Amino acid sequence: MTTLTNYRPTTRLRVVARTESPAAIFKTEELNVWYGKTHALKNINLTILENEVTAIIGPSGCGKSTYLKTLNRMVETNPAVRISGTAQFKGTDLLNATVERLRSEVGMVFQKPNPFPKSIYDNVAYGPRLHGIRKKAILNEIVENSLKKAALWDEVKDRLSSSAFGLSGGQQQRLCIARSLAIEPTVLLMDEPTSALDPVSTNKVEELMNELKKDVTIVIVTHNMQQAARISDRTAFFLHGEVVEYAQTESIFKQPSSQLTDDYVNGRFG
Ligand SMILES: Nc1ncnc2c1ncn2[C@@H]1O[C@H](COP(=O)(O)OP(=O)(O)OP(=O)(O)O)[C@@H](O)[C@H]1O
């Protein structure tokens, strides 16, 4: 298996046998999360499949971000949080995993691009350096490959030492995606990654997700129904902390089993 320590420039990320049905990457069973007295997630039973894009949709406050942040243990940074039930990542208990190890495989991209106050190069090299990679040639290779995968290389290759803050919002978001990719994650969690972007940048990030899913599993929270329909393989509809329906995206949008899903995806509430 490729890790940061045995990374070689010629090493391919992973070979995925597409003939087999996708494996479960996350499995949550009877998962409950409370913020103090607020019961944010109620008995969530969901299996997220490898090398797919899974969209999480639902009205504001229904628990989408909480679910995403439970998957990389960010939710627990809040001391008022209490969790019950089980959550597995690749078949192992993620709620008791080493957080650093989990996060080296499960990257996160936020709604608002959050580059570090560093150069474009240093933003992308940050994670690999944290993992002990020092050789310039290897770092150069990782930076170039990550920026290429994030469809940003051509736009920044002549200004790698310039500040990341000099990039446009859409470029900053793709830089944050490149930064996540530099540590070769298995999963990218994306919390409304395009809601602060213009349509052209949104389109670039959506195209990117479609490319990335060959190597990376993507779970995306979105308020944009067209986006969920365009980019995801499977969609989970959350309401008041519960999963109302989870199915192939086409079925959620064309033949939902629940009237609530039908009403939500057709803009009748939320
Ligand atoms: N840090 C927090 N402290 C207390 N309650 C919180 C906290 N974060 C979220 N909540 C509550 O948990 C519930 C779920 O919130 P969450 O942010 O997961 O919803 P969401 O579906 O992502 O909403 P949005 O679409 O508006 O981002 C809400 O009732 C919210 O008020």
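In this predicted model, the buried residues of helix α7 are V205, L208, M209 and L212. These residues cover an arc of only 105° around the axis, which means that they lie on the same side of α7. The general principle is that an α-helix has 3.6 residues a turn, so residues three or four places apart point the same way. On the face turned away from the buried side, α7 carries the exposed residues P199, V200, E207, N210 and E211.

What do the buried residues of α7 pack against? Their partners are β3 (53-57), α4 (136-149), α6 (169-181), β7 (187-191), β8 (217-221) and α8 (225-231). The length of the helix can also be checked. Helix α7 has 14 residues, residues 199-212, and at 1.5 Å a residue it should span 20 Å; its end C-alpha atoms are 20 Å apart, so the two values agree.

I turn now to the sheet. Six strands form an open sheet, in the order β6-β7-β8-β3-β9-β10, and the pairing is mixed. At the edges stand β6 (106-109) and β10 (242-248), each of which pairs on one side only. From one strand to the next, the twist averages 15°. Helix α1, residues 64-71, packs on this sheet and touches β3, β6, β7, β8 and β9 (234-239). The direction of α1 makes about 150° with that of β8.

Let us consider individual pairs of strands. β7 and β8 are parallel and share five bridges; within this pair, V187 has T217 of β8 as its bridge partner. β3 pairs with β8 in the parallel sense over four bridges, and it pairs with β9 in the parallel sense, also over four bridges. One residue of β3 illustrates both pairings: T54 stands opposite V219 in β8 and opposite R234 in β9.

Is β3 mostly covered or mostly open? Strand β3 is mostly covered, with five of its five residues buried. In a regular strand the side chains alternate between the two faces of the sheet. In β3, V53, A55 and I57 are buried on one side, and T54 and I56 are buried on the other, so that both faces are covered.

Finally, I come to the ligand. Which residues surround the ligand? They are Y35, T38, A40, G58, S60, G61, C62, G63, K64, S65, T66 and N78. Two elements, β2 (38-49) and α1, give two or more residues to this shell. The largest share, three residues, comes from α1, the helix that also packs on the sheet.

Technical notes
Residues are numbered from 1 along each chain as its sequence is written. This is a predicted model: local features need pLDDT of at least 70, side-chain atom pairs count only at pLDDT 80 or more; totals for chains, interfaces and linings use all residues. The expected span of a helix is 1.5 Å times one less than its number of residues. A residue is buried if 20 or more other C-beta atoms lie within 10 Å of its own, exposed if 12 or fewer, and partly exposed in between; C-beta atoms are placed from the backbone. The arc is that of the directions from the helix axis to the C-beta atoms. Two residues are in contact if their C-beta atoms, placed from the backbone, lie within 7 Å. Two strands pair if DSSP finds at least two bridges between them. Axes are lines fitted to C-alpha atoms, for helices over the stretch in contact, and angles run from 0 to 180 degrees between N-to-C directions. A residue is near a molecule or strand if its C-beta atom, placed from the backbone, lies within 6 Å of it.
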